[in-house]
Protein chains: 4
Amino acid sequence: MEVGLIGLGNMGSGMAKSLLHAGHRVTVYNRTRTRAEALTADGAIVAASVADACRPGAVLTMLADDAAVEAAVFANDGILASLSRGGIHVSCSTISVALSDRLAIEHSRAGQHFVSAPVFGRPDAAENARLAVVAAGEKTVVDRCKPLFEALGPKLLVIGEKPSLANVVKLSGNFLIATVLESLGEAIAFARKSGVDASALLDFLTSTLFNAPVFKTYGGLIVEGKHEPAGFALPLGLKDVRLVLQAAELRSVPMPFASLLRDRFITAIARGNEKSDWSVIARVAAEDAGLPAAKTAGA
Amino acid sequence: MEVGLIGLGNMGSGMAKSLLHAGHRVTVYNRTRTRAEALTADGAIVAASVADACRPGAVLTMLADDAAVEAAVFANDGILASLSRGGIHVSCSTISVALSDRLAIEHSRAGQHFVSAPVFGRPDAAENARLAVVAAGEKTVVDRCKPLFEALGPKLLVIGEKPSLANVVKLSGNFLIATVLESLGEAIAFARKSGVDASALLDFLTSTLFNAPVFKTYGGLIVEGKHEPAGFALPLGLKDVRLVLQAAELRSVPMPFASLLRDRFITAIARGNEKSDWSVIARVAAEDAGLPAAKTAGA
Amino acid sequence: MEVGLIGLGNMGSGMAKSLLHAGHRVTVYNRTRTRAEALTADGAIVAASVADACRPGAVLTMLADDAAVEAAVFANDGILASLSRGGIHVSCSTISVALSDRLAIEHSRAGQHFVSAPVFGRPDAAENARLAVVAAGEKTVVDRCKPLFEALGPKLLVIGEKPSLANVVKLSGNFLIATVLESLGEAIAFARKSGVDASALLDFLTSTLFNAPVFKTYGGLIVEGKHEPAGFALPLGLKDVRLVLQAAELRSVPMPFASLLRDRFITAIARGNEKSDWSVIARVAAEDAGLPAAKTAGA
Amino acid sequence: MEVGLIGLGNMGSGMAKSLLHAGHRVTVYNRTRTRAEALTADGAIVAASVADACRPGAVLTMLADDAAVEAAVFANDGILASLSRGGIHVSCSTISVALSDRLAIEHSRAGQHFVSAPVFGRPDAAENARLAVVAAGEKTVVDRCKPLFEALGPKLLVIGEKPSLANVVKLSGNFLIATVLESLGEAIAFARKSGVDASALLDFLTSTLFNAPVFKTYGGLIVEGKHEPAGFALPLGLKDVRLVLQAAELRSVPMPFASLLRDRFITAIARGNEKSDWSVIARVAAEDAGLPAAKTAGA
């Protein structure tokens with residue numbers, strides 16, 4: 001189908017490729033135009049403006065945060081103003097539950113449809129059609145978008161008709177990943193100071209009870225102390241935990257693990273790890289145990 | 001090989017069966033003799049005393065806690081007094097690092113060998129040779145015990161020559177499981193109060209990033225609010241977190257997640273869940289979010 | 001001196017009286033006009049609008065939160081638009097550091113002066129000239145305001161030229177009070193469950209090391225379980241802790257006690273104490289220890 | 001009255017002097033005899049053994065911890081064996097609730113009396129009769145000991161007939177002091193990073209709501225970053241928090257602030273502050289905020 005795509009960071013560019021490879025006709029827009037032009041080789045049409053990218057009647061956004069989405073949607077010549085009546089805005093960014101609720105209201109007022117469809121996966125998964133998508137919105141509209149979701153990856157969860165439900169799922173998932181970082185950080189600091197070979201410990205655990213990608217991937221980084229370059233940057237981790245805490249507070253849900261994670265992320269930033277991967281909170285755990293700070297060449 | 005086995009709770013009885021089925025000659029002892037006699041059908045020889053169970057020259061203990069192991073080992077007619085010089089004591093219980101260190105010293109003084117070999121798995125895994133074993137001790141002695149470990153399950157990690165290293169691994173593993181309970185408890189409370197179908201959320205997560213037994217098993221219990229009957233009782237969970245914290249304190253390792261878990265377990269006990277499964281801390285998370293306390297028939 | 005005062009809640013009305021009693025000429029404004037008229041007996045002049053209240057050239061605001069202050073300042077006919085060049089806005093509300101910074105910039109752009117002067121004390125202190133004032137702003141401007149501050153209470157701290165410094169002090173103080181609530185809540189739950197007479201414990205502590213008003217006042221409420229009616233309502237306590245956490249995050253300062261307090265306040269709200277005094281977090285501590293929930297008639 | 005005193009550290013020696021100055025006849029014992037001899041100038045009689053110190057029929061112990069008290073009481077020639085029937089053992093040390101309960105039972109079995117009477121105050125208060133004493137035990141026995149307590153300081157709380165109640169009070173008090181350390185550490189780190197003069201902040205707070213010795217004394221140390229030499233050493237602070245947590249766990253009382261304090265104390269030790277004052281946890285708070293680690297010459 002025909003679709004616009006706004007936001008061509010590492011994730012957005014990968015998604016554009018997966019959509020194009022699946023045969024969709026994709027009009028791409030990015031503030032820095034060169035990133036859009038780089039996709040012409042894959043068949044993308046370059047839009048000159050947000051309005052251009054809205055012309056297909058369905059537009060995906062994959063932007064950094066609430067502020068970027070608000071700017072793209074609510075600007076004078078933004079999505080809200082540009083999309084046709086009956087048009088669809090599919091937001092794939094990790095944004096707040098509150099903004100998702102607001103987008104649903106505003107698009108509805110404008111006679112447009114809003115689908116929230118955040119994704120799980122890293123840039124290489126985006127590019128290779130291996131993302132997991134969580135979608136929420138009016139059933140018929142979500143159904144119309146399914147060819148797009150299928151182009152992004154084999155795994156789709158439709159969680160309801162209220163768009164922000166998808167954001168709750170995304171935030172819950174990121175919260176759980178963050179807890180794994182902290183858990184492993186503490187366990188590995190404990191093991192190392194006790195004289196246990198952290199690598200052997202991790203191999204054992206991830207071949208038994210904890211046989212899941214999140215433990216293997218992040219466990220490996222933590223055991224090696226390899227938090228640079230960032231796959232998912234520390235400030236983004238802090239942002240996501242903040243979104244979890246804000247959304248949970250609105251519902252009066254205390255989340256003490258999330259609170260603790262927030263403190264860890266802030267501490268990691270204060271101690272100079274701002275450019276590191278969010279798994280660097282394991283370095284904070286190690287330092288708090290008096291282990292050597294720099295851990296870049298194996299355990 | 002010939003071996004004694006002391007402690008025939010659900011775990012110990014299962015292990016006896018697996019050892020017998022693998023062809024070992026097992027002399028079993030339990031304070032309440034009927035549990036020993038129940039195993040004669042599987043070929044077990046019933047010992048009249050701890051000393052009897054030590055006669056084979058190698059003896060496994062699978063007891064509830066430090067106090068039970070201390071009683072079995074240090075009593076006048078206990079293992080230390082009864083085992084021959086050159087004999088082997090294999091401790092499979094989840095005990096403290098400090099007691100493991102002490103057992104290593106005392107058995108060595110008595111000219112005996114000590115192997116620490118705690119296991120991961122529940123009673124049905126014990127009975128069906130599906131435990132994962134973590135062993136530590138003198139290499140030659142651990143090698144001699146391998147036929148026993150292989151009879152208990154396919155997965156063996158030998159983590160070093162110092163017995164208590166195996167206890168550190170066991171405690172690290174149980175700590176990680178406990179963090180999963182709390183993480184899921186918070187995430188599911190957040191999802192439920194936000195209107196998300198917790199069951200769909202769990203299915204999605206455990207078919208993607210969190211595709212591991214620990215998330216599936218406990219996630220299911222938490223979504224259903226099914227914490228009774230206890231698979232692993234709440235007070236045992238508290239005990240294990242306490243052992244983690246004590247061992248970590250000895251090495252000056254702060255473990256804030258473990259501290260928070262300890263508070264959760266204590267709160268769960270104070271609120272009347274003493275007989276429930278340790279996953280009941282998710283009920284505390286739900287109650288703290290103002291969700292209905294009783295959750296026994298689905299979400 | 002001549003001054004306007006906007007915001008006549010319990011605190012603002014009390015402050016108006018203290019200013020009037022000290023001989024200042026006070027023009028008062030409140031959205032609900034009856035609260036303004038009630039002060040005419042004390043000599044207040046009733047303003048018909050925010051603009052009217054700005055006419056004296058100096059105006060105090062004592063409003064509920066950031067949103068109320070933003071509305072009063074940035075509305076079309078708000079303070080920013082109404083105050084003369086060279087006029088002074090003195091903000092006494094507990095607002096965010098970020099808003100304080102923004103007010104400083106905007107008033108400066110408009111050729112006006114901004115002084116931040118939050119106060120410590122409850123309504124009766126406001127009415128009886130017993131508030132403690134923390135002020136920050138240009139030195140000469142703060143000096144000009146001193147007669148107003150002296151009318152509010154005997155205790156004044158001028159903390160610097162940057163207005164938001166005063167907000168940091170106010171938030172730090174409220175954070176410290178909140179930690180006292182939690183500390184006492186835990187200590188008293190521990191004491192009660194151990195069989196200690198909580199009242200005797202408190203008397204002893206507050207006549208020795210903890211001989212300070214904050215321990216006496218709140219300790220008494222906690223021992224009696226008297227959290228209604230609210231002196232300072234629970235949601236306001238949550239708001240203040242949130243402001244502390246936000247301001248601290250901007251500076252990359254982790255505050256684990258504040259995080260824990262936030263969870264306690266949210267839990268207290270989720271469990272139905274929204275209308276209670278913020279000291280009700282001690283009830284949460286008691287309930288988590290399995291003590292009887294309702295504690296309204298003595299310990 | 002005639003009394004023995006075992007344990008002549010800084011606290012015990014000071015108490016000996018206060019007792020002697022009040023006219024009591026004091027027989028002192030210390031493992032290192034020179035500390036006993038140093039008190040002869042004040043009129044003390046030097047005991048050659050624990051048994052000698054028990055001869056007066058009433059004996060005070062002021063020892064470092066549970067282990068030291070257990071050794072003094074339960075040794076073959078210890079207090080239990082040496083004290084006459086009807087004799088009184090007054091334990092002033094900060095020991096566990098569990099040991100206090102055990103001492104009550106054992107002394108009772110031996111036909112002796114046990115009074116628990118821990119004290120608040122530092123060495124200079126001990127020497128100058130300014131301690132605060134919390135006593136618990138049989139009423140008639142406590143009454144007989146009152147002349148001793150009055151010699152130690154003007155403030156006495158008799159909290160009940162069960163000796164360990166006094167230990168609960170002592171532990172509650174030390175817990176509250178520790179929370180003040182952490183609260184001030186966080187608040188001051190926040191203030192400093194926000195550009196607030198920490199010294200002015202402290203002066204203001206301690207002249208208003210927080211007008212208590214504990215805030216003034218420790219606040220001063222924290223603002224100056226002066227944690228050496230130790231008035232009360234960090235490992236003793238950790239010990240006391242551990243005793244609080246253990247006693248509270250026995251009663252199923254979760255104490256999240258205490259848990260957090262425990263982690264802070266462990267972190268402070270792991271980072272090399274073992275010889276510092278327990279207020280050094282404020283240095284951890286500062287470091288976690290990215291403030292310079294070394295703070296020995298003012299803010």
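What percentage of the 299 residues of chain A count as buried? Keep that in mind as you work through the exercises below, all of which use a predicted model.

**Exercise 1. Describe the overall build of chain A.**

*Solution.* Start with burial: 60% of the 299 residues of chain A count as buried. Here a residue is buried if 20 or more other C-beta atoms lie within 10 Å of its own.

Next, take the secondary structure, which in chain A amounts to 14 helices and nine strands.

Then turn to the dimensions. Along the principal axes, the C-alpha atoms of chain A fill a box of roughly 65 × 45 × 35 Å. A compact globule with 299 residues would have a radius of gyration near 19 Å, and the 20 Å of chain A agrees with this.

Finally, look at the contacts in chain A with a separation of 6 or more: 65% of them are between residues 24 or more positions apart.

**Exercise 2. Divide chain A into domains and describe how they meet.**

*Solution.* The domain assignment splits chain A into domain 1 (2-162) and domain 2 (168-288). Their C-alpha centres lie 29 Å apart.

Now find the contact between them: ten residues of domain 1 of chain A touch ten residues of domain 2 of chain A. On the domain 1 side, six of these residues are nonpolar, two polar and two charged.

**Exercise 3. Find the residues that touch the most other members of the largest nonpolar core, and follow one of them.**

*Solution.* A helpful background point is that nonpolar side chains tend to be buried together in soluble globular proteins.

In this model the largest nonpolar core holds 464 residues, and those touching the most other members are A:Leu5, A:Ala135, C:Leu5 and D:Ala135.

Let us follow A:Leu5, setting aside its neighbours within four places in sequence. Among its contacts are A:Gly12, A:Met15, A:Ala16 and A:Leu19. The list for A:Leu5 also includes A:Val26, A:Val28, A:Ala53, A:Leu60 and A:Met62.

**Exercise 4. Work out how chain B meets chain A.**

*Solution.* Count first: the contact takes 54 residues from chain B and 54 residues from chain A.

Next, ask which elements of chain B take part. β8 (132-136), β9 (155-160), α9 (164-193), α10 (198-206), α11 (213-224), α12 (234-250) and α13 each supply at least two residues. The largest share, 17 residues, belongs to α9(B). By class, this side of chain B has 36 nonpolar, ten polar and eight charged residues.

Now superpose the copies. A turn of 180° with a shift of 0.0 Å along the axis lays chain B on chain A with an RMSD of 0.1 Å. This is the relation of a two-fold axis. Within chain B, B:Ala212 comes closest to the rotation axis, with its C-alpha at 2.5 Å. The same surface serves both copies, as 100% of the contact residues of chain B recur in chain A.

**Exercise 5. Repeat the analysis for chains B and D.**

*Solution.* Begin again with the count: 13 residues of chain B are in contact with 13 residues of chain D. Helix α13 (residues 256-270) of chain B gives the most to this side, with nine residues. The chain B side divides into seven nonpolar, three polar and three charged residues.

For the superposition, a turn of 180° and a shift of 0.0 Å along the axis lay chain B on chain D with an RMSD of 0.1 Å. The C-alpha of chain B nearest this axis is that of B:Ser259, 2.9 Å from it.

To finish, compare the surfaces: 100% of the interface residues of chain B are also interface residues in chain D, so the copies meet through the same surface.

Technical notes: Residues numbered from 1 in each chain as written. Chains lettered and ligands numbered in written order. Predicted model: local features only at pLDDT ≥ 70, side-chain atom pairs only at ≥ 80, totals over all residues. Contact = placed C-beta atoms within 7 Å. Helix = DSSP H or I, 4+ residues; strand = E, 2+ residues; numbered from the N terminus. Nonpolar A, V, L, I, M, F, W, Y, C, P; charged D, E, K, R; others polar. Least-squares fit on C-alpha atoms with pLDDT ≥ 70 in both. Core = buried A, V, L, I, M, F, W, Y, C linked by C-beta atoms within 7 Å. Buried ≥ 20, exposed ≤ 12 C-beta atoms within 10 Å, placed from the backbone. Domains from an automatic or database assignment. Rg over C-alpha atoms; globule rule 2.2 N^0.38 Å.
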